[in-house]
Amino acid sequence: MRRTRNLMLSLLVWTGMGLLLSSTTAQAKAKVAGKKSLGGSGEMIQLNLPAEQRELSGIRIHGSRYGTAKPPQEQFLIYVLNQDLTEVVATEMAPYALFERGAEQWVEIKFPRPITVPADAWVIVDFRAGRTKGVYVSYDDSTEGSRSRIGLPGIEPKPTGFSGNWMIEPLVSR
């Protein structure tokens, strides 16, 4: 009797964990409304960090690489700009190899040293994408898209053409 009860309890725990994992996956997928790759431009997002968290240690991007099976031996650019887009505060580079081909997933890009960013800083990611290489960056459907644009430093930004925001998130130093 006791063994049966323990077995049933174990089954309930495993079933509950499976439901929890599948609902978490479903919630994460529900946020993704689409994906885009931008040749000749970059994905821009405004950070809006609180004063006590202005040390940017990296970013997370939801996306996947396309092109050749082997990632190009190249790096892409990450710019941090001030609120009015007039000054490049920092520039970082990261390898294409961080992104896998296939299903989109979260990829963490950690900077060698944290960057102190101004209020309402912008991040621009330039994959220098083309027909044979690039990264599809996901965008969500849970926002009005007020923090996302398309552009590069020194070029007037344009609207994204969708009503969400790029799925690019800050990693802040604690």
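This report walks through the fold, the main sheet, the aromatic contacts and two unusual backbone positions of a predicted model.

**Overall make-up**

The protein has one helix and ten strands. Along the sequence the helix comes first and the strands follow, in the pattern α-β-β-β-β-β-β-β-β-β-β. Of the 174 residues in the protein, 38% are buried. The accessible surface comes to about 10400 Å². Carbon and sulfur atoms account for 54% of that surface.

Contacts reach far along the chain. Take the contacts between residues at least 6 apart in sequence: 79% of them join residues at least 24 apart.

**The five-stranded sheet**

Strands of a sheet pair through backbone hydrogen bonds, either parallel or antiparallel. Here five strands form an open sheet, with antiparallel pairing. Their order across the sheet is β5-β4-β7-β2-β9. Strands β5 and β9 are the edges, and each pairs on one side only. From one strand to the next, the twist averages 20°.

Look at the join between β2 and β7. Strand β2 covers residues 43–46. Four bridges tie β2 to β7, and the two run antiparallel. Within this join, I45 stands opposite V123 in β7.

**Aromatic pairs**

A pair of aromatic rings is described by the distance of the centres and the angle of the planes. The whole structure holds nine aromatic pairs. Two of them are worth a close look.

The first is F99 with F127. Their ring centres lie 5.6 Å apart and their planes meet at 85°, so the pair is edge-to-face; an angle over 60 degrees puts a pair in that class. The two residues are 28 apart in sequence, and the pair links distant parts of the chain. F99 sits in the loop between β5 (88–95) and β6 (105–116). F127 sits in the loop between β7 (122–126) and β8 (133–140). Both F99 and F127 are buried.

The second is Y139 with F162. Here the centres are 3.7 Å apart and the planes at 10°, so the pair is stacked. This pair also links distant parts of the chain, with the two positions 23 residues apart in numbering. Y139 belongs to strand β8. F162 is in the loop between β9 (148–150) and β10 (168–172). Both Y139 and F162 are buried.

Ring pairs also build a group: F76, Y96, F99 and F127 are linked into a cluster.

**Charges over rings**

Which residues have a charged end over an aromatic ring? K35 is one of them, sitting over Y136. R60 is another, lying over the face of W106. The table gives the distances.

| Charged residue | Ring | Distance to ring centre |
|---|---|---|
| K35 | Y136 | 4.9 Å |
| R60 | W106 | 3.9 Å |

**Two positive phi angles**

D120 has a positive phi of about 55°, although it is not a glycine. D120 is placed in the loop between β6 and β7. Its relative accessibility is 23%, so D120 counts as partly exposed.

R128 has a positive phi too, of about 50°, and it is not a glycine either. R128 lies in the loop between β7 and β8. At 37% relative accessibility, R128 counts as partly exposed.

Notes. Residues numbered from 1 in each chain as written. Predicted model: local features only at pLDDT ≥ 70, side-chain atom pairs only at ≥ 80, totals over all residues. Heavy atoms only, no water. Phe/Tyr/Trp six-rings, centres within 6.5 Å; stacked < 30°, edge-to-face > 60°. Buried < 20%, exposed > 50% of the residue type's maximum accessible area, 1.4 Å probe, protein only. Lys NZ or Arg CZ within 6 Å of the ring centre and 35° of its normal. Pairing = 2+ DSSP bridges. Axes fitted to C-alpha atoms, helices over the stretch in contact; angles between N-to-C directions. Contact = heavy atoms within 4.5 Å. Areas by Shrake-Rupley, 256 points an atom, 1.4 Å probe, with all protein chains shown as cover.
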